[in-house]
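Biologist: I am new to this structure and would like to go through it with you. Please show it to me first.

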Amino acid sequence: MRVGQDAGGDDLARGERHCPGLAREERDENGGRAVDIEVSGAAPIVMGVPLRLERAISNLLDNAVSFSPPEGKVTAAIVGRDNWIELAICDEGPGIPPDFLPHLFERFSTRERGGLGLGLYIAKRIAMAHGGDLTVASQPGKGARFILSLLAEAK
Ligand SMILES: Nc1ncnc2c1ncn2[C@@H]1O[C@H](COP(=O)(O)OP(=O)(O)O)[C@@H](O)[C@H]1O
Ligand SMILES: [Mg+2]
């Protein structure tokens, strides 16, 4: 996925971000964990504020990696749907208990000591500020699947 700003060519070029780059950062920060990236079709272009979108994706990858068991697989897959793209970030961690799901995107909502419970709140706010959304599907014991939906640039 590439992220562009609509404020001219230079910004667009400067604003290019690639998911594999983000995944590399996560890997470096998390002791050698790799993230599989799947892009089906041409890499879509999303209009938005690159640093903000990068923050949202990074918060999701960070959670996916930190809640993964040592050999757990983390995947990021981008699928285009009409003029939307869906970035799905999946892990094989413990998943999210059903009673916590309704509170997951609330501010200061955390189940871990030491966590602030802001990462998902911020990611959802960023998605919505771009006219998109962030949703989750999870069954306890079967990992979590976060879907970031964003409007793709018309071709
Ligand atoms: N991928 C995940 N698997 C399991 N639980 C998760 C995952 N992502 C988030 N959570 C749960 O949601 C809570 C809030 O996450 P987050 O908003 O990122 O908090 P923080 O800002 O402390 O990182 C976490 O404390 C954890 O209980
Ligand atoms: Mg977090």
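Biologist: Is Arg-55 buried, exposed or partly exposed?

Modeller: The class depends on how many other C-beta atoms, placed from the backbone, lie within 10 Å of a residue's own: buried at 20 or more, exposed at 12 or fewer, partly exposed in between. Arg-55 has 15 such atoms within 10 Å, so Arg-55 is partly exposed.

Biologist: What kind of model is this, and how are residues and chains labelled?

Modeller: Residues are numbered from 1 along each chain as its sequence is written, while chains are lettered from A and ligands numbered from 1 in the order in which they are written. Local features need pLDDT of at least 70, side-chain atom pairs count only at pLDDT 80 or more, totals for chains, interfaces and linings use all residues, and the model is predicted.

Biologist: Which residues does Arg-55 touch, not counting those up to four places away in sequence?

Modeller: Contact here requires C-beta atoms, placed from the backbone, within 7 Å. Arg-55 lies in helix 3, and helices (H or I, at least four residues) and strands (E, at least two) are DSSP runs numbered from the N terminus. The C-alpha atoms of Arg-55 and Ile-122 are 8.5 Å apart, with their positions 67 residues apart in sequence. The residues touched by Arg-55 are Ile-122 and Ile-126.

Biologist: At roughly what angle do the axes of helix 3 and helix 4 cross?

Modeller: Axes are lines fitted to C-alpha atoms, for helices over the stretch in contact, and angles run from 0 to 180 degrees between N-to-C directions. The axes of helix 3 (residues 50–66) and helix 4 (residues 119–129) come within 9 Å. Their crossing angle is roughly 145 degrees.

Biologist: How many nonpolar residues does the contact of helix 3 with helix 4 have?

Modeller: On the helix 3 side the contact includes Leu-53, Ala-56 and Leu-60, and on the helix 4 side it includes Leu-120, Ala-123 and Ala-127. Ala, Val, Leu, Ile, Met, Phe, Trp, Tyr, Cys and Pro count as nonpolar, Asp, Glu, Lys and Arg as charged, and the others, Gly among them, as polar. Beside 3 polar and 3 charged residues, the nonpolar count is 8.

Biologist: Which residues are closest to ligand 1?

Modeller: Helix 3 and helix 4 each supply at least two residues of the shell around ligand 1. A residue belongs there if its C-beta atom, placed from the backbone, lies within 6 Å of the molecule. By class the shell has 10 nonpolar, 8 polar and 3 charged residues. Of the 21 residues around ligand 1, the closest are Asn-63, Arg-111, Gly-115, Gly-119 and Leu-120.

Biologist: Which residue in strand 7 does Trp-84 stand opposite?

Modeller: Strands pair if DSSP finds at least two bridges between them. Strand 5 (residues 84–90) pairs with strand 7 in the antiparallel sense over 7 bridges. In strand 7, the residue opposite Trp-84 is Leu-151.

Biologist: Which side chains of strand 7 point to the buried face?

Modeller: Side chains alternate along strand 7 (residues 144–151). Arg-145, Ile-147, Ser-149 and Leu-151 point to one face and are not buried. Those pointing to the other face, which are buried, are Ala-144, Phe-146, Leu-148 and Leu-150.

Biologist: Which residue in the turn between strand 6 and strand 7 has a positive phi?

Modeller: Strand 6 (residues 133–138) and strand 7 run antiparallel and are joined by 6 bridges. They form a hairpin with 5 residues between them. The residue with a positive phi, of about 85 degrees, is Gly-141.

Definitions and conventions
Two residues are in contact if their C-beta atoms, placed from the backbone, lie within 7 Å.
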